[in-house]
Amino acid sequence: MADTPLSYRNAGVDIEAGSALVEAIKPAAKSTDRPGVLGGLGGFGGLFDLKACGYRDPLLVAATDGVGTKLKLAIDSGRHDTVGIDLVAMCVNDLVVQGAEPLFFLDYYATGRLEPAQGAAIVQGIAEGCRQAGCALIGGETAEMPGLYRGGDYDLAGFAVGAVERNKLLDGRGVAPGDVVLGLASNGLHSNGFSLVRKIVERSGLALTAPAPFAPEQSLGTALLAPTRIYVRACLAALKAGNLKALAHITGGGLPENLPRVLPSDCAAEIDLAAWPRPPVFAWLAEVGRLSQEELLKTFNCGVGMVAVVTEAQAEALTETFRGEGEQAFVIGRVVERGEAPALRFAP
């Protein structure tokens with residue numbers, strides 16, 4: 001009836017559910033505390049004391065990213081506990097490639113209908129990602145927007161800030177011919193190319209609950225949702241060890257787009273595609289989607305989630321540093337003079 005009193009709740013927004021979610025996630029946020037954190041969740045803004053971290057002449061480095069259409073697979077699978085790790089990973093891996101230590105993180109969670117259990121699972125994943133990266137979850141925003149998102153659909157965005165001493169900023173300017181290119185193994189697809197992945201799943205005719213052809217001990221949905229690997233601790237250890245010249249996070253655009261971003265204009269990289277094993281998911285995608293190698297390389301990480309450029313003299317030592325931090329590291333190529341050739345060359 002036109003004269004029936006309206007409320008925010010019957011317009012589709014449940015403030016009480018939002019408040020309940022905030023209370024439910026406070027322990028998860030608290031578990032990410034680190035030196036520099038002031039206060040907790042609930043303020044109008046998160047506070048962080050940079051001096052408490054011991055920096056003398058710091059530069060702040062900021063990054064923002066999302067999870068992309070991988071969220072659609074999470075929604076369709078009913079599994080929401082890993083995409084928060086993806087959200088953190090996509091941001092903090094971008095910070096560390098510039099030599100920055102991630103300090104704190106904020107998230108934005110928007111949905112058509114707030115479901116506290118779903119929201120709590122997402123934030124628990126965000127907290128887990130922050131713990132892996134050593135950064136603090138100091139705030140965020142939950143937005144319930146009926147009419148803009150349908151049913152249980154939601155979106156995520158993340159914002160991370162890190163710091164690096166001015167004289168330790170990593171920008172690739174020292175890269176030179178003769179340097180060695182190391183690849184750190186990925187954990188599968190990470191968070192790129194999922195619009196194509198979903199098309200391939202559709203073509204396969206498989207349900208997300210069916211055993212994954214490339215990992216039959218898991219369902220297809222679970223296997224595809226394997227969270228993005230967080231390389232922060234390993235890369236910070238390598239930076240501390242010294243002689244690390246450049247890092248490149250291999251995300252959208254794959255090796256062809258991301259590795260050249262850290263090479264000087266007079267340098268190119270020659271990459272041996274046989275130098276590392278590819279996770280089986282990529283062969284399955286290529287077979288079902290009839291993808292060319294070029295399409296695979298420019299869409300997915302193809303088994304290398306982070307690249308490091310090091311001096312030849314230190315390549316073996318830094319490989320062991322990465323391995324000591326739990327990463328699989330491989331020599332995948334070398335830096336050469338560019339000349340008139342493209343900035344990236346593949347063999348075979």
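**Exercise 1.** How many bridges join S3 to strand S6 (residues 154-165), and do the two strands run parallel or antiparallel?

*Solution.* The model is predicted.
Step 1. Count the bridges: S3 and S6 are joined by nine.
Step 2. Read the direction: S3 and S6 run antiparallel.
Step 3. Take one pair as a check. Asp65 has Gly158 in S6 as its bridge partner.
Step 4. Place the pair in its sheet. The sheet is open, has four strands in the order S3-S6-S4-S5, and its pairing is mixed. Strand S3 (58-66) and strand S5 (136-144) are the edge strands, each pairing on one side only. On average, neighbouring strands here are turned by 15° against each other, direction ignored.

**Exercise 2.** Describe the six-stranded sheet, and find the helix H11 that packs on the sheet.

*Solution.*
Step 1. Write down the strand order: S10-S12-S7-S13-S11-S14, in an open sheet with mixed pairing.
Step 2. Identify the edges. Strand S10 (244-249) and strand S14 (344-347) each pair on one side only.
Step 3. Note the twist, which averages 25° from one strand to the next.
Step 4. Look at the S10 edge. Strand S12 (residues 304-310) runs antiparallel to S10, and five bridges join the two. Within S12, Val307 is the bridge partner of Ala248.
Step 5. Add the helix. Helix H11 (residues 315-324) packs on the sheet and touches strand S7 (180-185), S10, S12 and strand S13 (329-337). The direction of H11 makes about 10° with that of S7.

**Exercise 3.** Describe how H7 and H11 pack against each other, and state which residues meet.

*Solution.*
Step 1. Take the geometry. The axes of H7 and H11 come within 9 Å and cross at roughly 145°.
Step 2. Assign the handedness: H7 passes H11 in a right-handed crossing.
Step 3. List the residues. From H7 come Ala234, Cys235, Ala237, Ala238 and Ala241, which meet Leu318, Thr321 and Phe322 of H11.
Step 4. Sort them by class: the contact has seven nonpolar residues, one polar and no charged ones.

**Exercise 4.** Carry out the steps of Exercise 3 for H5 and H9.

*Solution.*
Step 1. Helix H5 (residues 194-204) and helix H9 (residues 280-289) pack at an angle of about 65°, and their axes are 9 Å apart.
Step 2. The crossing of H5 and H9 is left-handed.
Step 3. H5 contributes Val197, Ile200, Val201, Arg203 and Ser204, and these meet Trp284, Leu285, Val288 and Gly289 in H9.
Step 4. By class, the contact of H5 with H9 has six nonpolar, two polar and one charged residues.

**Exercise 5.** Asn243 has a positive phi, and so does Cys302. Locate each residue and decide whether it is buried, partly exposed or exposed.

*Solution.*
Step 1. Asn243 has phi near 65°, a positive value in a residue other than glycine. Asn243 is found in the loop between helix H7 (232-241) and S10.
Step 2. The relative accessibility of Asn243 is 41%. Since buried means under 20% and exposed over 50%, Asn243 counts as partly exposed.
Step 3. Cys302 is not a glycine either, and its phi is about 55°. Cys302 lies in the loop between helix H10 (293-299) and S12.
Step 4. Cys302 counts as buried because its relative accessibility is 0%.

Note on methods. Residues are numbered from 1 along each chain as its sequence is written. This is a predicted model: local features need pLDDT of at least 70, side-chain atom pairs count only at pLDDT 80 or more; totals for chains, interfaces and linings use all residues. Side-chain values use heavy atoms; hydrogens and water are left out. Two strands pair if DSSP finds at least two bridges between them. Axes are lines fitted to C-alpha atoms, for helices over the stretch in contact, and angles run from 0 to 180 degrees between N-to-C directions. Contact means heavy atoms within 4.5 Å. Buried means under 20% relative accessible area, exposed over 50%, partly exposed in between (1.4 Å probe, protein chains only). A crossing is left-handed if the near helix is turned anticlockwise from the far one by less than a right angle, and right-handed if clockwise. Ala, Val, Leu, Ile, Met, Phe, Trp, Tyr, Cys and Pro count as nonpolar, Asp, Glu, Lys and Arg as charged, and the others, Gly among them, as polar.
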